[in-house]
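Thank you all for coming. I would like to take a few minutes to walk through one model, beginning with the chain as a whole and then turning to a pocket and a few single residues.

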Amino acid sequence: MTLSPQLQEVDEMTKHLIVVIAFLWTAATAAQAAEIRLLTTGAMRAVVGALQPAFEKETGHKLSIDKDTAGGLGKRIGGGEAFDVTIIPPKVVDELIKQGKISAGSRKDLAKVGMGVAVKEGAKAPDISSVDAFKNALTAAASVAYTDPKAGGTSGIYFDGLLEKLGIADQVRSKAKLQAGGYVAELVAKGEAEIAVHQISEIVPVKGVKLVG
């Protein structure tokens, strides 16, 4: 299997993922092909999508992928929505285990993903080399895009809390471009926002933007 250049850095993690999904289903469906319903957050959507053709070819199983925010998936699974495999942050997993919605013994840690800053391709990259520089970049930008915290996305919840800690919450929120889910960096690519702050794995697949750091 060959991954795109943007996804090569997570090659080992993707190999782990395909092994995990295959392991969960080999014993149960060894005799026949099955359709596996996988629920994932946006941070892993590009990775799972890159793996899908190889996984289906190697196992004979069809992978049905549905994406939502971590909060959205937590509510859906907690409400009884049917699924076979889910990829969500540990905090949500732990809560669903307590509710009896996920088997504790099936949990596998896959990867960690960092937050990143993106600007439009060709634009001057802001200085984010220090806390003060990062604050200046956010306050100087005409608009800042990030996931709407109310939508339950982990990156939006974290970033909104970070703005409070940095003491610039009111300044940034007043010019925020919020998105309920999906690739926030697309707002930058379309010229609707100057800067996007999102998980790195959800920045690199977006055409027309560049990852600042």
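When I speak of helices and strands, I mean DSSP runs, with at least four residues for a helix and at least two for a strand, numbered from the N terminus. Counted in that way, the protein chain has eight helices and eight strands. Please keep in mind that this is a predicted model, with a mean pLDDT of 84 over the protein chain and 85% of its residues at 70 or more. The stretch to treat with caution is residues 1-11, where pLDDT stays under 50 and for which the model has 13 contacts beyond four places in sequence.

As for the chain overall, 42% of its 213 residues count as buried, and about 11100 Å² is exposed, of which carbon and sulfur atoms supply 52%. If we take the contacts with a separation of 6 or more, 70% of them are accounted for by residues 24 or more positions apart.

Let me turn to the second largest pocket, which holds about 270 Å³ of space. It is lined by 13 residues, and those closest to its centre are Lys 91, Val 92, Gly 152, Thr 154 and Ile 157. Which elements give two or more residues to that lining? They are helix H3, at 70-78, helix H4, at 90-98, and helix H6, at 154-166. By residue class, the lining divides into six nonpolar, four polar and three charged residues.

Helix H3 deserves a further word, and its buried residues are Ala 70, Gly 72, Leu 73, Gly 74 and Ile 77. In general, an α-helix has 3.6 residues a turn, so residues three or four places apart point the same way. The cover over the buried residues of H3 includes strand E1, at 35-40, and strand E3, at 85-87, together with H4 and H6. Just after H3 comes Gly 80, which takes a positive phi of about 100 degrees.

I would now like to set two glycines side by side. Gly 116 lies in strand E4, residues 115-120, and Gly 167 has its place in the loop between H6 and helix H7, at 169-173. Gly 116 counts as buried because its relative accessibility is 1%, which falls under the 20% cut-off. Gly 167 counts as exposed because its relative accessibility is 60%, which is over the 50% cut-off.

Leaving aside residues up to four places away in sequence, Gly 116 touches Ala 196, Val 197, His 198, Ile 200, Ile 203, Leu 211 and Gly 213. With Leu 211 it is separated by 95 residues along the chain, and the C-alpha atoms are 6.9 Å apart. For Gly 167, the C-alpha atom is 9.0 Å from that of Lys 135, a residue 32 positions away in sequence.

Finally, consider Val 204, found in the loop between strand E7, at 195-199, and strand E8, at 209-211. Is Val 204 buried, exposed or partly exposed? It is partly exposed, because its relative accessible area of 22% falls between the 20% and 50% cut-offs. The C-alpha atoms of Val 204 and Ala 46 are separated by 9.2 Å, although their positions lie 158 residues apart along the chain.

Conventions: Residues are numbered from 1 along each chain as its sequence is written. This is a predicted model: local features need pLDDT of at least 70, side-chain atom pairs count only at pLDDT 80 or more; totals for chains, interfaces and linings use all residues. Side-chain values use heavy atoms; hydrogens and water are left out. On a 1 Å grid over the protein atoms alone, a cavity is a set of points where a 1.4 Å probe fits but cannot get out, and a pocket is an open set with protein on both sides within 12 Å along at least five of seven lines; lining residues have an atom within 4 Å of a point. Grid points are joined across faces, edges and corners, and a volume is the space filled by probe spheres set on the points. Ala, Val, Leu, Ile, Met, Phe, Trp, Tyr, Cys and Pro count as nonpolar, Asp, Glu, Lys and Arg as charged, and the others, Gly among them, as polar. Buried means under 20% relative accessible area, exposed over 50%, partly exposed in between (1.4 Å probe, protein chains only). Contact means heavy atoms within 4.5 Å. Accessible areas come from the Shrake-Rupley method with a 1.4 Å probe; for residues, only the protein chains shown count as cover. pLDDT is the predictor's confidence in each residue, from 0 to 100.
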